[in-house]
Amino acid sequence: MILTIAIPTYNNCTFLEKNIKLLCEHIRNNSYQKIIGLQISDNNSPDQTSDKMSELIKRNSDISISYYKNTQNVGAGKNFINVIDLSKTEFVLLLGDDDFMDEAYLKEVIRLIKNEKYGCIIPSYYNISKNGVSTGYGRDIGKKRKTFSQGFYNCFINSWRAHQMSGLVFRKGSFSSDAIKAGLTNPYTEVYFITRSCLYEKTCHLTEYPIKVTRPLQKEKTWGYENDGRINDVFENYANIAEFKPWQRFLLEVRFLDTQYWRYAMYLKLGPRKFITCIYSIMSAPNATLPTRILFPLLMIVILAKKSITLLFSGELIKTLRRKIE
């Protein structure tokens, strides 16, 4: 086998069952039983996940499906690293338990890692409701596929895209053991894996087959955005990549603040107190470089002004301002 589809899960057995059934169809339709396996890491779900998995493994005995259940809830970040560590193939494809990929995407992934020697693949995606209806939002929809050579430029252009894990593919190597040694537990550890992959691997930004990412209401999630949009968590991953010089970390942080501006802009709608708290949290973020902490107020003004102008000319500004925070 060369590829493991790694699925961390918690208390979501209905979607997980649907997802595994679909993946098994994809594998059978292309006779991939000998090259693709599934690895599920259950973060001690209180629902029927364990029973459902036992049934699925029995019904799909021709496909390699491994199921592991933590004896206690170890948190999303640790469970994420755990499912990667449990995967024993050269390549890992990450997938949320309620996110879905087309068969065409899986076929192209296999072709790229087998024949084109790519070590990292980053997809486009669009959001769907829990009923499977497109919300009209996504990322990189309609963009052309691009190839990037290994190195810092690849990291700068692409590492921020790892904020959404589903569909990401990378060569495992020692990454999971390195992440464990570093003590990473934040819910965005996929940024660590993909950033390091971009640094060392030929990368494909594969945009033709968007991943369908289920977007539940925030109140239905098992984690929140804290006071800073989880920006300090993302920066922790950059901080633990020893190969980066301080100025490179700074550029990656600015790139993330630019492309993910909504993480702090959304606090404007929650009132002055929460917005000021957010700004202070980012300025005092322990994982941010000193230039980012000092310059963030100025960077924020420039970024938000630029985004406002872009939205104004695209006709999306009023719609964006009226959009409710979940």
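Start with the whole chain in view: among its contacts with a separation of 6 or more, 81% join residues 24 or more positions apart, where contact means heavy atoms within 4.5 Å. This is a predicted model, in which local features need pLDDT of at least 70 and side-chain atom pairs count only at pLDDT 80 or more, while totals for chains, interfaces and linings use all residues. Residues are numbered from 1 along each chain as its sequence is written, and side-chain values use heavy atoms, with hydrogens and water left out.

**The whole chain**

Switch to a cartoon view and you can trace 13 helices and 10 strands. Helices (H or I, at least four residues) and strands (E, at least two) are DSSP runs, numbered from the N terminus. The radius of gyration is 20 Å, close to the 20 Å that the globule rule gives for 326 residues, so the chain is as compact as a globular protein of that length. That radius is taken over C-alpha atoms, and the rule is 2.2 Å times the number of residues to the power 0.38. Along the principal axes, the C-alpha atoms fill a box of roughly 55 × 40 × 40 Å.

Now turn on the surface. Its accessible area is about 15,300 Å², with 54% belonging to carbon and sulfur atoms; this comes from the Shrake-Rupley method with a 1.4 Å probe, and for residues only the protein chains shown count as cover. Of the 326 residues, 53% are buried. Buried means under 20% relative accessible area, exposed over 50%, and partly exposed in between (1.4 Å probe, protein chains only).

**Charges and salt bridges**

Colour by charge next. You will find 45 positive and 31 negative side chains, with the centres of the two sets 4 Å apart. Lys and Arg count as positive and Asp and Glu as negative, while His and the chain ends are not counted; each charge is placed at NZ of Lys, CZ of Arg, CG of Asp or CD of Glu. The structure holds 20 salt bridges, each a side-chain nitrogen of Lys or Arg within 4 Å of a carboxyl oxygen of Asp or Glu.

Select Arg111 and Glu108. Their closest N and O atoms are 2.8 Å apart in a salt bridge. Both residues lie in helix H4 (residues 103–114), 3 residues apart, about one turn of the helix. Arg111 is partly exposed at 32% relative accessibility, whereas Glu108 is buried at 10%. Add Glu116, Arg145 and Glu208 to the selection to see the network of salt bridges that links them with Glu108 and Arg111.

Move on to Asp140 and Lys143, whose side chains meet in a salt bridge of 3.4 Å, N to O. Asp140 is buried at 7% relative accessible area, and Lys143 is partly exposed at 46%.

Then pick Lys306 and Asp258, which form a salt bridge of 3.0 Å, N to O. This pair links distant parts of the chain, 48 residues apart: Lys306 sits in helix H12 (residues 290–314) and Asp258 in helix H9 (residues 246–259). Lys306 is partly exposed at 41%, and Asp258 is buried at 16%.

**An acid without a partner**

Go to the loop between strand E4 (91–94) and strand E5 (99–100) and select Asp98. Which side chain of opposite charge is nearest to Asp98? That is Lys130, 7.2 Å away, and the buried Asp98 has no salt bridge. Beyond its neighbours within four places in sequence, Asp98 contacts Asn12, Phe15, Asn19, Lys212 and Thr214.

**Two more buried stops**

Glu17 is in helix H1 (residues 13–29) and is buried at 14%. Its C-alpha atom is 8.6 Å from that of Asp97, 80 residues apart along the chain. Leaving aside neighbours within four places in sequence, Glu17 is in contact with Lys52 and Leu56.

Phe170, in strand E9 (residues 169–171), is buried with a relative accessible area of 0%. The C-alpha atoms of Phe170 and Cys120 are 4.4 Å apart, with their positions 50 residues apart along the chain. Not counting residues up to four places away in sequence, Phe170 touches a set that includes Ile84, Phe91, Leu94, Phe175 and Phe193.

**Last stop: backbone angles**

Most residues other than glycine have a negative phi. Select Asn11, in the loop between strand E1 (3–9) and H1, where phi is positive at about 55 degrees. Finish at Arg230, in the loop between strand E10 (203–214) and helix H8 (231–239), with a positive phi near 65 degrees. Asn11 is partly exposed at 37%, while Arg230 is buried at 12%.
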